[in-house]
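Welcome! Here is a friendly first walk through a structure you may not have met before. Take a moment to look it over, then read on.

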Amino acid sequence: MSSRLTQSVIHQFSEHGALAKNVHNYHNRQSQTDMAVAVSEAISQKHNLILEAGTGVGKTFAYLIPALVSGKQVVISTGSKNLQEQLFLKDLPALLTMLDVHVPIALLKGRNNYLCQLRLESQMQNASQYSDNYIDDLLKINQWAHLSKDGDIGNLTSVAEHSEVIPSVVSTKESCTGKKCEHFDVCFTRKARLRAMEAKVVVVNHHLFFADRLLKDTGFAELLPDPDVVIFDEAHLVPDICINYFGSHISSREIDTLLNGIIKLHKTVIRDSIQIEQLAQRGLVALSEWHNAMYDNQVSDWRSVLANKQLATVSWSLQQALADLAKVMAHHLGRDDQLDLAFEQLHELAQKLQDYFECKDMQAAYSVELGTRFVMLRLSPINVAKQCQQLFDDKTRWIFTSATLQVNRSLGHFATELGLTSAKQVILDSPFDYPNQAMFCVPRHLGKVGQSQHTVKQLVDVCIQAINAAQGRTFILFTSHHMLEQVASALQGRTTYPLLVQGQASKQSLLNKFRQLGNAVLLGTSSFWEGVDVRGKLLSCVIIDKLPFVSPDDALYKARAANAERQGLDPFSHISLPQAVISLKQGVGRLIRDEKDRGVLILCDNRIVNRAYGQAFINSLPPMHRTRDLDSAIQFLKQIP
């Protein structure tokens, strides 16, 4: 028998409910009602839920309405700030009006999204030290601070979002003095937390949620309340985020900032100890030598660093330089609060480096990430299921939803990754008419997948035919930057349609330009495979260069593969294949975003039809009309107005 909550929710989606009365041209979608019922039952019957809702189900309203009418305290966690703000500024206010319910809601972001009045005051006092441009931005922020009600830096429009002043005036865990702060009563971060504690529905993002849960576990902070229900939208992102938060990382930028801060402290606070500055300078030299050595050798797996005598030597020299500095700073503890804080950070960093360099944890992957101007060391657990079982405790109902969770018509892979084996599992297919709206083409006569010039030429030839047939209006999605660069270069001068290439501008700028032009071709890698919504005639064709398998040289994959083999499991079918299926589904999901959309998906990788594992991909994708004939796909594109 259905609960009172479920009956109430079903009514809201019926022809006599709130949506029918308030939404223009509303028509009931059975899959949306089914999802709302599944969410309602998870809340009222107190069980966890994993639910895939295909594009067009309308999952946002399907989980928001049960959340609002349940009377429970609900945290909704999203994968991006954009969706977070859409829920809080648009969807929730609209539903509160439609449902005529009066439930306090709150938006909570990470503390570095809020202005810190103490840090702003400190910057203003030292303004004479800065450049004219810096002072100009600082004055604008100071003026805005007196007008802002919430201190959310996202609402600051008078200063560029990349202004160098912003990192110096936002709240940080390290700079927060808590109740001792003279601005404690009016602190923006504190007020945001209080609003969250008092709200019935709190909207956060995944990174903040996991940072807070893990900080709370170690007793440092408690930003979020202990809610009755947590709903993760864009839940396909959660496993990777868990790996990040249950692991650890050290950045060369973090070390550089700390050492320069200590040098500044010597010049202003502890001038009588020249040794501190000398050792900090020596640390910067060791950091620079280490940084350059890592780049020269282009390493990605930390164990290969330890096996290289030169790299191992410069790595231990850096750790020793930090340890030597910490030893001297220890003699000056108690003289200044900032010095004490810097010592704690340095000591912790030196210890983390030592643990990392010793490489003892056999249940973790040690990897090196080379950024544009920094080196990042990452320690990633190869299995987070046990930690997740403790995190996702029995006091709360946990609901996970996304358009891309199932692999080969099963949610078992996602459930196993997060230790959610007892959660109820539901798959709701998209209501779109995929066989008529979309065509899926894997062209015949494709060569072997790779980086050869022949492969690039084949891909470019396919792209040119599709682009011309679609009159631009195309996404070309790549699994590597190298292939993107080769194809972008080869397309120059061979098509009359505007080319927008990842790296030319920010992701949002490129998408805005794509929409404005109406006939553009956008080339992108992983960040454009998801979270991108281009509806209608603006996007008619999506081309994907190859199946998105993780590199076998990836440090985390190698560690997971070795662990799977120890358990007698096949790493390909248990790790590589499920990850690739979910990634491909994300890319494919860019094509059909609306019930009136039409388009063609072209995958330039014949392994999906030539290999036995290809069926797992096909079973996981929407039921598009399939063809091997590129000419048929070209004709379909030409018929789209």
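The report below covers helix faces, cysteines, a cavity and a few loop residues.

Please keep in mind that this is a predicted model.

**Two helices with a buried side**

Let us begin with helix H1, which spans residues 4-13. Which residues of H1 are buried? They are Leu 5, Thr 6, Val 9, Gln 12 and Phe 13. These residues sit on the same side of H1, because they cover an arc of only 120 degrees around the axis. A general rule helps here: an α-helix has 3.6 residues a turn, so residues three or four places apart point the same way. As for partners, the buried residues of H1 pack against helix H2 (18-22), helix H3 (30-44), helix H4 (59-69) and helix H5 (81-99).

Helix H9 (residues 188-198) can be read in a similar manner, with Phe 188, Thr 189, Ala 192 and Ala 196 as its buried residues. Their arc around the axis is only 105 degrees, so they are on the same side of H9. The cover over these buried residues includes strand E3 (105-107), helix H6 (117-125), helix H7 (132-147) and strand E4 (201-205).

**Exposed residues in loops**

Next, look at some loop residues. The table lists where each one lies and its relative accessible area.

| Residue | Loop | Relative accessible area |
|---|---|---|
| Asn 25 | between H2 and H3 | 64%, exposed |
| Gln 298 | between H13 (274-297) and H14 (302-306) | 55%, exposed |
| Lys 149 | between H7 and H8 (166-169) | 74%, exposed |

What is the sign of phi in Asn 25? Phi of Asn 25 is positive, near 60 degrees, in a residue other than glycine. Gln 298, which is not a glycine either, has a positive phi of about 50 degrees.

Lys 149 leads back to helix H9. Leaving aside residues up to four places away in sequence, Lys 149 touches Phe 188 and Lys 191. Phe 188 is one of the buried residues of H9. Lys 149 and Phe 232 are 83 residues apart along the chain, and their C-alpha atoms are separated by 28 Å.

**Cysteines without bonds**

How many disulfides are there? The count comes to zero. For Cys 181, the closest cysteine sulfur is that of Cys 116, and there is no bond because the distance of 6.2 Å is too far. Cys 242 is in no disulfide either: the nearest cysteine sulfur belongs to Cys 388 and is 3.7 Å away. A disulfide needs the two sulfur atoms within 2.5 Å, so a pair at 3.7 Å does not count.

Are these two cysteines buried or exposed? Cys 181 is buried, with a relative accessible area of 17%. Cys 242 is buried as well, at 0%.

**A cavity inside**

Finally, consider the empty space. Rolling a probe the size of a water molecule over the atoms shows where empty space is left. In this model, a search of the whole structure finds one cavity of 30 Å³ or more. The largest cavity holds about 120 Å³ of space. It is lined by 14 residues, and those closest to its centre are Val 449, Thr 455, Leu 459, Asp 545 and Cys 604.

Which helix gives the most to the lining of the largest cavity? That is H20 (residues 453-470), with three residues. Sorted by class, the lining has five nonpolar, five polar and four charged residues.

Key. Residues are numbered from 1 along each chain as its sequence is written. This is a predicted model: local features need pLDDT of at least 70, side-chain atom pairs count only at pLDDT 80 or more; totals for chains, interfaces and linings use all residues. Side-chain values use heavy atoms; hydrogens and water are left out. On a 1 Å grid over the protein atoms alone, a cavity is a set of points where a 1.4 Å probe fits but cannot get out, and a pocket is an open set with protein on both sides within 12 Å along at least five of seven lines; lining residues have an atom within 4 Å of a point. Grid points are joined across faces, edges and corners, and a volume is the space filled by probe spheres set on the points. Helices (H or I, at least four residues) and strands (E, at least two) are DSSP runs, numbered from the N terminus. Ala, Val, Leu, Ile, Met, Phe, Trp, Tyr, Cys and Pro count as nonpolar, Asp, Glu, Lys and Arg as charged, and the others, Gly among them, as polar. Buried means under 20% relative accessible area, exposed over 50%, partly exposed in between (1.4 Å probe, protein chains only). The arc is that of the directions from the helix axis to the C-beta atoms. Contact means heavy atoms within 4.5 Å.
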